[in-house]
Amino acid sequence: MSLGEKWGVLRDTFEPIVVDREDDVYHVTDTLCELYRNRRQLRVETTGLNYRLSVPFAPHLFGSGKTTFCRSYLELVQRFHETSLSSFASDASRKEFLDKLREAVLLYVDMRHLEPTDPKEKSLKWAVYYLIIKTACLQVGIPMMRKTQAYETVEMEALNLVTLLRDILNMRTDQFLLVAFDEVGVLDTRGQYFDLEVNDGRIRPYNDFFGILWELCLEDNVFFIVVGKSKGLSIKNYVASVSKVLLHFISLSPLNSSSIVEFLEKSHLKVQTQSRVCDILCNPSFSVNELAEALLEYTGGVPGLLTRAVNMLLNYVQTRGQSFGSKDECLSCMKEDGFRTVCSDPFVTRISTLDEDTRSLLDMLLMMALYRIPFNVNDRLNSGSYLFDAVTEMGLYRHPIDMNTFQVLFPKVFIGIFEELTSLSLLERILLGSLNIEPVDCFFASKCRVFEGIVALRLVWILSSKVRNEFRELLGRLSAIWKDMKLPINGPSPLHYMMSVSRGEARSESSKERKTYASNEWNEIIHGALGFDKVYIPKEANSYSPDIMFKLQSPVKFKFLMVGVACKGRWKSEGIGWSDVIEEAKKFLKPVYDQVLSQALEFYHCMLIIVSTKLALNVANELGNQSRCYTSGMRIGGNSFEIPPNCELVILCESDVEMLIDREILNGLERAFSTSDRPVLKNFGLGLVQRVRHSFLSWQ
């Protein structure tokens with residue numbers, strides 16, 4: 001089957017179901033209820049926040065589920081009425097609101113049809129009014145009202161418009177009307193066609209637009225949801241500062257693995273309506289859970305990408321007449337360049353047309369994604385722009401950690417498109433390659449790993465550099481085994497991600513369900529998972545494996561050095577003591593010796609390097625404030641641990657750690673981690689992230 005036959009023609013073959021939107025439904029319902037309870041106060045002239053209009057607002061990129069959500073909102077209210085929304089209706093007024101909401105009429109308005117309209121072509125207000133009227137007529141299937149007739153009926157008055165809409169839609173006066181505006185981002189370009197208010201010397205069409213909605217919300221039983229692809233945070237903050245409108249973001253999170261399972265199990269083919277999508281794609285040896293993991297891996301759970309990927313896989317399976325037999329077979333399809341190109345095609349407009357200022361943010365966003373540095377909704381890049389909006393402008397996604405904190409998400413199907421950009425730096429290529437290897441589900445349990453991430457990327461440069469390198473020379477002076485290894489390794493390459501090491505009794509016996517190696521499988525890890533010339537970092541941080549691992553080879557004989565690096569970030573008053581060092585040695589050096597080295601002493605050696613931000617006084621004193629290597633047979637920590645045969649333990653002094661991370665960055669990390677165990681960008685400071693970036697660029 002040729003590439004054109006395999007991925008060239010995309011047919012919509014299934015009916016996707018909306019899943020995993022309970023939090024969003026609750027949040028939107030709560031915001032609409034706030035208007036319901038405070039509508040009378042809106043009519044009072046005051047600047048108090050409690051008297052402002054609250055509107056649910058989703059300023060998200062294409063494919064995040066905006067349109068589907070606002071079209072399906074009332075259906076979702078019915079679905080969750082007995083579950084998440086049952087707690088919402090805890091008092092009489094909320095219950096009354098929810099009961100009436102379930103009888104509401106939804107009017108979906110596509111702002112792409114907004115245009116100057118007779119007889120007041122320069123009036124945005126009239127253009128919006130007539131678009132609403134025209135949409136209502138289309139929804140119930142009656143002839144379109146003439147523009148002049150509509151204008152004479154409404155007379156630009158909100159009450160008259162609402163009365164007309166109720167007549168067209170055959171609604172009771174006490175029945176809720178919910179108007180959902182989609183594609184509000186058209187105001188970025190079409191605002192120029194109207195006479196708009198000038199504020200501080202600038203025309204801001206969104207302020208005019210939300211002013212129109214504010215007037216309409218003075219009328220009883222009218223509510224709005226607004227979604228679009230604009231610089232949402234800038235709009236939100238400006239509208240709040242100059243008008244009586246507060247915009248509340250709808251998070252629209254990407255789907256996690258369990259939600260994708262529900263999506264696959266409840267979605268059916270369009271023609272064969274009894275056929276579930278999961279049954280078409282999976283044969284008995286390939287579970288729907290594995291399919292969900294594969295789809296999460298490449299789409300990041302972004303609903304639009306997920307739907308497109310499932311359609312492509314369905315087309316392929318139906319064309320060849322055979323389901324997928326394994327996760328690897330499914331992943332091999334999604335790894336193909338043709339699959340990625342076709343799947344991401346509708347999403348790439350912004351990526352392919354990035355301006356220079358936006359393009360310059362790429363490496364910083366890549367580092368934030370790879371190191372899992374969350375950012376706050378109000379974090380600024382400069383006085384005029386927000387990181388929240390920059391992620392959207394770059395064409396990427398935000399995974400919400402909570403209402404005000406987000407993680408940068410790079411769907412893997414996009415990475416190939418970024419790699420085709422001209423003038424990518426070596427740093428950007430390494431970061432993109434690392435994200436391409438890292439399991440995407442790491443984003444869904446985001447924990448900042450910036451310290452070990454910086455060390456790992458430094459090691460990539462150090463091990464592959466062809467110029468004189470102080471850190472390599474230091475290890476060569478400390479260790480004869482290290483000095484015997486072949487360096488540099490091949491050119492700088494991405495970080496590779498491996499299964500973490502866990503206790504043997506904690507793992508599942510099912511190879512399909514198991515996500516971590518058992519602690520008695522170091523032989524498999526060293527011989528199988530770790531290839532020569534790659535730097536590995538565990539997929540899931542835990543207490544049973546080093547933070548970084550790599551393997552070196554002697555150039556003249558069959559000899560290997562397995563290296564584990566334990567990154568001990570201590571930001572409090574106490575430093576790393578002997579008990580911490582011994583704990584790291586026992587979980588790495590001892591099992592590796594027992595399971596591997598004892599069987600092949602002539603071939604394998606093992607080294608553990610302790611990289612600590614702060615050493616305890618007794619450790620620093622024994623080291624003599626310099627790095628030291630403890631070799632086989634030596635005892636540490638008051639003779640409580642003996643270094644096994646063919647093993648070495650290297651403890652770096654604090655000054656030598658600065659060969660990996662300079663002092664200014666270490667000080668910034670200390671400030672951030674002393675504030676929180678899971679610091680966000682604000683704790684680090686944008687300047688620190690830029691400093692890390694510059695430190696990497698200086699090594700190229």
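Is Asn-170 buried or exposed? Asn-170 is exposed, with a relative accessible area of 70%. Keep in mind as we walk through that this is a predicted model.

Let's stay with Asn-170 for a moment. This residue sits in the loop that links α8 (158-168) to β4 (177-182), and its phi is positive, about 55°, although it is not a glycine. That is worth a look because most residues other than glycine have a negative phi. Asp-20 also has a positive phi of about 55° and is not a glycine either. You will find Asp-20 in the loop between β1 (14-15) and α2 (22-42). Asp-20 is partly exposed, since its relative accessible area is 33%, and a residue counts as exposed at over 50%.

The backbone has other details to look for. Most peptide bonds are trans. The bond from Asp-118 to Pro-119, however, is cis, with omega near 0°. Pro-119 belongs to the loop between β3 (105-110) and α6 (124-140). Another cis bond, again with omega near 0°, runs from Leu-487 to Pro-488, and Pro-488 is in the loop between α26 (480-483) and β15.

Now follow β3 and β4 into their sheet. Five strands make up this open sheet, in the order β3-β4-β7-β2-β8, and their pairing is parallel. β3 and β8 (245-249) stand at the edges with a single partner strand each, so one side of each has no neighbour in the sheet. On average, neighbouring strands here are turned by 25° against each other, direction ignored. Inside the sheet, five bridges hold β4 and β7 (residues 222-228) in parallel pairing. One spot to find is Leu-177, which stands opposite Val-222 in β7.

Further along the chain, strand β18 (residues 535-538) has partners of both kinds. Three bridges join β18 to β15 (residues 496-498), and these two run parallel; here Tyr-497 stands opposite Ile-537. With β19 (residues 548-553), β18 runs antiparallel, joined by two bridges, and Val-535 has Phe-550 as its bridge partner in β19. Which way do the residues of β18 point? Val-535 and Ile-537 point one way, Tyr-536 and Pro-538 point the other way, and all are buried.

From strands we turn to helices, beginning with α28 (residues 578-595). How far should its 18 residues span? At 1.5 Å a residue the expected figure is 26 Å, and the end C-alpha atoms are 25 Å apart, which agrees. Even so, α28 has a kink of about 35°, centred on Lys-586. Many side chains of this helix can be traced as buried residues, among them Trp-578, Val-581, Ile-582, Phe-588, Leu-589 and Val-592. Charged residues are on that list too, including Asp-580, Glu-584 and Lys-587.

The last stop is a pair of helices. Two packed helices are described by the angle between their axes and the distance between the axes. For α24 (residues 450-464) and α31 (residues 663-675), the axes come within 11 Å and cross at roughly 160°. Angles over 145 degrees count as roughly antiparallel, and α24 and α31 are therefore roughly antiparallel to each other. To see where they touch, look for Val-450, Phe-451 and Ile-454 in α24, which meet Ile-665, Leu-666, Leu-669 and Phe-673 in α31.

Key: Residues numbered from 1 in each chain as written. Predicted model: local features only at pLDDT ≥ 70, side-chain atom pairs only at ≥ 80, totals over all residues. Heavy atoms only, no water. Buried < 20%, exposed > 50% of the residue type's maximum accessible area, 1.4 Å probe, protein only. Helix = DSSP H or I, 4+ residues; strand = E, 2+ residues; numbered from the N terminus. Pairing = 2+ DSSP bridges. Expected span 1.5 Å × (residues − 1). Bend = angle between axes of the 7 residues up to and from the residue. Axes fitted to C-alpha atoms, helices over the stretch in contact; angles between N-to-C directions. Parallel < 35°, antiparallel > 145°, perpendicular 65-115°, else oblique. Contact = heavy atoms within 4.5 Å.
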